[in-house]
Amino acid sequence: MGDLELLLPGEAEVLVRGLRSFPLREMGSEGWNQQHENLEKLNMQAILDATVSQGEPIQELLVTHGKVPTLVEELIAVEMWKQKVFPVFCRVEDFKPQNTFPIYMVVHHEASIINLLETVFFHKEVCESAEDTVLDLVDYCHRKLTLLVAQSGCGGPPEGEGSQDSNPMQELQKQAELMEFEIALKALSVLRYITDCVDSLSLSTLSRMLSTHNLPCLLVELLEHSPWSRREGGKLQQFEGSRWHTVAPSEQQKLSKLDGQVWIALYNLLLSPEAQARYCLTSFAKGRLLKSFLAHLTLTETQPPKKDLVLEQIPEIWERLERENRGKWQAIAKHQLQHVFSPSEQDLRLQARRWAETYRLDVLEAVAPERPRCAYCSAEASKRCSRCQNEWYCCRECQVKHWEKHGKTCVLAAQGDRAK
């Protein structure tokens with residue numbers, strides 16, 4: 001990796017060992033921000049390790065130090081914060097923060113964790129090291145994919161264009177909605193990797209996947225709606241690498257990566273001996289599954305529900321967090337509005353400096369799945385903002401149009417860079 005080494009082995013181990021769970025009240029605090037930055041570094045290093053295929057120490061460190069359950073708990077905690085606390089901020093009419101980036105970092109935290117899990121869950125030992133929290137992760141993936149199917153039935157994911165009259169918090173809400181689509185696609189990949197371990201999953205996990213959630217039928221719904229594909233101007237587009245890409249006519253018969261993830265997950269859940277022994281193939285389920293042209297099922301007889309007595313484990317992270325914080329959502333929001341998300345100008349400058357140190361441009365370019373895209377129109381870009389060096393544009397006109405949105409963050413980032 002040479003110059004692209006982001007973390008030395010010793011540094012990575014220190015960061016992994018320091019990972020811990022934070023109460024919802026402390027999200028966005030100084031200690032939480034430090035861990036978020038550490039997770040981003042681990043995330044980028046894990047992608048670099050996977051890219052060069054020279055062993056993956058981040059994955060090994062997470063397993064060795066038993067930190068995969070911590071990541072799962074943090075993932076579900078920030079999901080709950082976004083559902084229960086973030087909407088309170090958006091309803092406060094007189095909350096007009098000088099800069100919404102500190103809140104954006106918490107909103108983005110879920111994407112950071114699911115991206116790291118997607119990178120490392122390719123390895124079966126990571127899934128096994130999740131222990132009982134794999135049940136919570138299965139429930140999390142089910143929630144995301146259910147919303148993805150529901151969204152597909154309502155016209156697809158939200159578009160990126162904002163309103164001229166929207167305020168910063170409304171813009172942040174829009175960004176959070178767009179982020180949810182990508183998070184759901186990451187959750188699909190994580191779920192597929194969990195199904196790769198079907199031969200070693202507990203009976204409770206298999207029962208949760210096959211009986212409680214009936215994931216095979218949900219996956220068939222995803223195949224039918226294919227939310228990662230759309231038609232724009234008569235051209236087929238597919239979502240990959242955080243962007244919509246036009247598919248050349250010669251490539252349209254090929255299976256997309258996301259379609260492939262669904263088919264592999266279906267294969268694991270329907271044709272592996274362990275899953276076949278547990279799945280109750282009713283007439284209804286068979287009818288839904290046949291929609292995906294699974295010819296094997298046409299020769300399979302439907303089965304009556306099994307009467308086996310199973311002492312089933314249940315996911316506990318979401319229930320525990322909701323029980324601990326029930327009735328406190330307003331109080332948590334009030335505390336964070338006063339003490340976390342109303343930083344001084346000096347605090348913002350110091351934070352901007354840390355952001356610049358965390359998001360090293362050479363590393364970001366190395367882990368990017370494609371050439372940079374214009375921050376305004378999404379066309380391929382070759383020009384970078386000369387002040388902060390963080391945003392890309394295809395032309396001067398797009399940069400000018402995007403300045404109203406990018407300006408404050410740009411100035412702060414540039415100030416933080418000069419302060420180093």
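Q: Which residue of S3 stands opposite Gln 237?
A: In this predicted model, Thr 246 faces Gln 237.

Q: Why are S2 and S3 said to pair?
A: Pairing needs at least two bridges. S2 and strand S3 (residues 243-246) are joined by 4 bridges, so they count as paired. The two run antiparallel.

Q: What makes the link between S2 and S3 a hairpin, and which residue in the turn has a positive phi?
A: S2 and S3 have 2 residues between them. Gly 241, in the turn, has a positive phi of about 65°.

Q: How do you know that S1 pairs with S2?
A: The cut-off is at least two bridges. Strand S1 (residues 229-232) and strand S2 (residues 235-240) share 4 bridges, so they pair. Their sense is antiparallel. Across this pair, Arg 231 stands opposite Leu 236 in S2.

Q: Where is a positive phi found in the hairpin of S1 and S2?
A: Gly 233 takes a positive phi near 60°. This hairpin has 2 residues between the strands.

Q: Which residues touch the most other members of the largest nonpolar core?
A: They are Trp 81, Phe 121, Leu 137, Ile 194 and Leu 219, out of 101 residues in that core. Helix H9 (residues 168-195) gives the largest share, 14 residues.

Q: What is Ile 194 in contact with, leaving aside its neighbours within four places in sequence?
A: Its contacts are Phe 121, Cys 127, Val 134, Leu 137, Val 138, Leu 201 and Met 209. Each therefore has heavy atoms within 4.5 Å of Ile 194.

Q: How many residues make up the second, separate core?
A: That core has 7 residues, among them Ala 381, Cys 385, Cys 388 and Tyr 393.

Key:
Residues numbered from 1 in each chain as written. Predicted model: local features only at pLDDT ≥ 70, side-chain atom pairs only at ≥ 80, totals over all residues. Heavy atoms only, no water. Core = buried A, V, L, I, M, F, W, Y, C linked by side-chain atoms within 4.5 Å. Buried < 20%, exposed > 50% of the residue type's maximum accessible area, 1.4 Å probe, protein only.
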